[in-house]
Structures are given as structure tokens and as C-alpha cells.
Amino acid sequence: MTKNPVKIVLLLGALALAGIFALYISNSTTPIGEKQKALKDLGGEFQLNSLDGTVNLNQFKGQTVVLYFGFLNCAEVCPSSMGVMATAFSMLPPEEYANVQGIFISVDPGRDDLDSLDKFAKYFDKRIKGLTGTKEEIDALTEQYGVYFDLVDMESSELSYTVDHASRFYIINPEGKLVDAMSHTTTPIELAAGIDRAHSKVFANN
């Protein structure tokens, strides 16, 4: 039987559009239809909870901070991104490693408890903390940092919902300023270089 070439073209087109949309979700910091904010308009102080108590950004002044927003039921992207962060940390000179702080922020506080977040973060590197807060705090913080995420119903799954989210590394320099937002496709070498730039520029100016 001869295959219909029109149907094949339409199918390939639909698959291509699905791929483009998935790539957009993974790399964009804003939902479709909204104007993307400039990096200079993002970032700033926050306060969330960890297993060891309240954590705020200000307590890491003097250190380079790498933020990653995700959730524990994320099967592939979040663990692989945390692996990239940990590998990048291992590439830093001892002095820079001693002054870097990784933070994994859960956008799914309804399911991600502090004990599980702490174990997940520490599995990758001792200098990574697992944080979350109330739904209101997470909504405000993701807006503040331009992070896109959305809860998606999964009626046919054991999980009642999953989370679509932008997957990026947010680099905050030792002065507390957001200076870079790097895609999850960033390599450990590129992330380590970004951390080094954030660290070096501040101390070169002092």
C-alpha cells in the first residue's frame, strides 16, 4: 500500500512543532505571550525553608550562588541538571569551591518535604541546599526571577499532576546580584566558567 505523502508531511510538521514547543518550555523564562524581562530586572532577596531552618539570600554575601528551580518527581531533567552543577563545582579551584553555594528550590512544596529535599541536594554535593516554601512564597519568587512553571494534570498516571518548568541555572555574584541565567543544556565546563566570571569580576573590582 502506498503511503499518503500529504499525511506524512503533516505528521512530520506536527512532530517538529511539538519539539519546538518542548524546547521553548525547557529554555524560556516566561510563558508564551508574555514579554520576557531583562536580566537586570530579575533577582533579589528571598527567604525560604531548609531542613536546617530559614535560609535567605543575604546570608550568602561574599559567595557565588547558583540557583536551580525544579521538583523531586522530575525524572530526568532535574537530576541531570544537578549533576551538571555538581560537576561544575568539582572543576572550581579550592578557593572558589569554598565560596560557592548551590541551591535547589522546589516549585512543588505540596509534595516535596524538607528532609527529602535535603537528601536529594546533598547527594550531588555538600555545598548544595534544598529549599522550598509556601505556594505563595514560591509563586512570588518564581515571578521575581522570571521562572516559568505550570502544574499539569495527569489523570492516567499514579501522579495526579506533574510540573512543566523552565530549566536554567541562575548565577548570583558575591554582591547578591543576578548576573547570568544559563540553559540546562549548559555543560559543566560552561557553568564553571560562568561561576568563575561572577566570582572574579567582583573581586577584581575590590
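A residue counts as buried when its relative accessible area is under 20%. Keep that cut-off in mind as you work through this predicted model.

**Exercise 1.** Find which residues of helix H5 are buried, and work out where they sit around the helix.

*Solution.* Step 1: go along H5, residues 135-144, and pick out the buried residues: Ile138, Leu141 and Thr142. Step 2: look down the axis of H5; these buried residues fall within an arc of 100°, so they line one face of the helix. Step 3: recall that an α-helix has 3.6 residues a turn, so residues three or four places apart point the same way.

**Exercise 2.** Find the salt-bridge partner of Lys135, and say how exposed each of the two residues is.

*Solution.* Step 1: a salt bridge needs a nitrogen of Lys or Arg within 4 Å of a carboxyl oxygen of Asp or Glu. Step 2: Lys135 pairs with Asp139, with the closest N and O atoms 2.8 Å apart. Step 3: both belong to helix H5 and are four residues apart, about one turn. Step 4: Lys135 is exposed at 52% relative accessibility, while Asp139 is partly exposed at 32%.

**Exercise 3.** Find what surrounds the buried residue Asp125, which has no salt bridge.

*Solution.* Step 1: locate Asp125 in the loop between helix H4 and strand S5. Step 2: check the nearest side chain of opposite charge, Arg127, which is 5.8 Å away. Step 3: now try the backbone: the side chain of Asp125 reaches the backbone nitrogen of Arg127 at 2.8 Å. Step 4: leaving aside neighbours within four places in sequence, Asp125 is in contact with Ala86, Phe89 and Tyr97.

Definitions and conventions: Residues are numbered from 1 along each chain as its sequence is written. This is a predicted model: local features need pLDDT of at least 70, side-chain atom pairs count only at pLDDT 80 or more; totals for chains, interfaces and linings use all residues. Side-chain values use heavy atoms; hydrogens and water are left out. Buried means under 20% relative accessible area, exposed over 50%, partly exposed in between (1.4 Å probe, protein chains only). Helices (H or I, at least four residues) and strands (E, at least two) are DSSP runs, numbered from the N terminus. The arc is that of the directions from the helix axis to the C-beta atoms. Lys and Arg count as positive and Asp and Glu as negative; His and the chain ends are not counted. A polar contact is a pair of N or O atoms within 3.5 Å; within protein, one must be able to donate a hydrogen and the other to accept it, and residues adjacent in sequence count only if both atoms are side-chain atoms. Contact means heavy atoms within 4.5 Å.
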